[in-house]
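Biologist: I have a model open in front of me and would like to understand the words people use for it. Could you take me through a few of them?

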Amino acid sequence: MSDRSPETMLTILAAGSVFFPGLFLLSKQCLKSIPALRWSEGDAVIVSARLVSSVQAVMASSAGYIISSSCKDIIEDQHWLTSTYILFAVPYFVYDIYAMFMCYWYKLRVKGHEEAAAAPQHMRSAVRSYLRREFLMVLHHVVMVTVCFPVSVFWRQGKGDYFQGIMFMAELSTPSVCLGKILIQYKQQHTLLHKVNGALMLITFFICRVLLFPYLYYVYGRYASIPFHMVPFSVPWHCNLGAALLMAPQLYWFSLICRGALRLFTGSSRSQRPCPATAAPKEHQTDGNSLPQPANGYSTRSTEPELTTH
């Protein structure tokens with residue numbers, strides 16, 4: 001159990017609750033008000049959400065590196081940053097559910113339909129549609145808050161900080177994911193940057209998320225002098241269950257990335273440069289007859305050369 005006082009834990013939680021939404025609002029306001037930019041509300045919301053996700057990812061990865069490199073004994077060694085960052089980052093997952101909805105909401109708004117889209121009944125319909133479309137991502141965030149948070153802070157009893165640090169470093173793939181979503185949102189699939197970022201996303205996601213749990217099992221096997229294939233039979237059943245439940249969505253999302261990468265690099269579904277003479281304003285680029293791409297960026301649709309993830 002965490003040895004921090006309840007007051008200290010609440011202070012750290014409050015700091016995270018202010019930092020992430022505050023950064024989002026500050027970024028949105030800057031993008032809207034800086035004379036050289038003056039972006040629309042929808043554009044500012046979408047890009048600000050990606051920025052906050054990237055900042056959180058960099059912070060988590062940095063914390064993970066510090067923790068894992070400081071723990072010589074992978075079971076017994078502790079680092080103060082482990083529980084501190086968990087407490088600080090928990091509010092991010094609550095905030096991000098809201099941010100993803102706002103991205104989804106602005107993608108639904110089409111020129112000439114703003115007033116209808118603002119109607120209460122339309123908002124309720126949008127919420128239901130968002131929850132259906134983003135069910136897996138919303139479920140992931142809810143589980144992070146309601147299950148992973150108490151397990152990591154209280155149930156571990158200070159053991160396994162090394163493993164927690166390695167799991168923080170899974171976020172290393174997020175900045176390229178966010179950049180990919182921004183490039184797709186603004187029809188930049190034809191650029192070299194999109195292709196380079198797509199390759200980087202594929203590599204980092206595979207290393208940081210798909211290989212994550214096999215690596216943790218391998219490290220524990222070396223620590224306990226157990227053959228790799230015997231590790232699942234040597235650890236508590238709930239560890240195997242937790243690893244399986246956390247890895248399953250990563251494999252699903254990675255399969256979507258691979259499909260997007262195949263379309264991107266084989267040219268089976270080529271994107272065309274947008275025509276400047278007929279381009280609509282940024283906030284209205286979504287086709288009114290089609291649904292917006294998922295707010296989290298994952299897409300199973302094959303009609304666009306998307307290479308997108310969380």
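**Two helices that cross**

Modeller: Gladly! In this predicted model, the axes of α7 and helix α10 (residues 212–224) approach within 11 Å and cross at roughly 155 degrees.

Biologist: Why are α7 and α10 called roughly antiparallel or roughly parallel to each other?

Modeller: Their crossing angle is roughly 155 degrees, and angles over 145 count as roughly antiparallel. The two helices are therefore roughly antiparallel to each other. The crossing of α7 and α10 is right-handed.

Biologist: Which residues meet between α7 and α10?

Modeller: From α7 come Tyr162, Phe163, Ile166 and Met167, and they meet Leu212, Phe213, Tyr215, Leu216, Val219 and Tyr220 of α10.

Biologist: What makes that contact nonpolar, polar or charged?

Modeller: Val, Leu, Ile, Met, Phe and Tyr are among the residues that count as nonpolar. The contact of α7 with α10 has 10 nonpolar residues, no polar and no charged ones.

Biologist: How do you know how far to trust α7?

Modeller: Confidence is highest in helix α7 (residues 161–168), at a mean pLDDT of 96, and lowest in helix α4 (residues 114–117), at 48. The protein averages a pLDDT of 83, on a scale from 0 to 100. For residues 268–291 the pLDDT stays under 50.

Biologist: What does UniProt say about residues 196–220?

Modeller: The unreviewed UniProt entry lists residues 196–220 among its "transmembrane region" features. In the model, that span is 96% helix and 0% strand, with its end C-alpha atoms 35 Å apart.

How values were computed: Residues numbered from 1 in each chain as written. Predicted model: local features only at pLDDT ≥ 70, side-chain atom pairs only at ≥ 80, totals over all residues. Heavy atoms only, no water. pLDDT = per-residue confidence, 0-100. Helix = DSSP H or I, 4+ residues; strand = E, 2+ residues; numbered from the N terminus. Contact = heavy atoms within 4.5 Å. UniProt positions renumbered as here; feature names shortened; annotations may be inferred. Axes fitted to C-alpha atoms, helices over the stretch in contact; angles between N-to-C directions. Parallel < 35°, antiparallel > 145°, perpendicular 65-115°, else oblique. Left-handed = near helix turned anticlockwise from the far one by under 90°.
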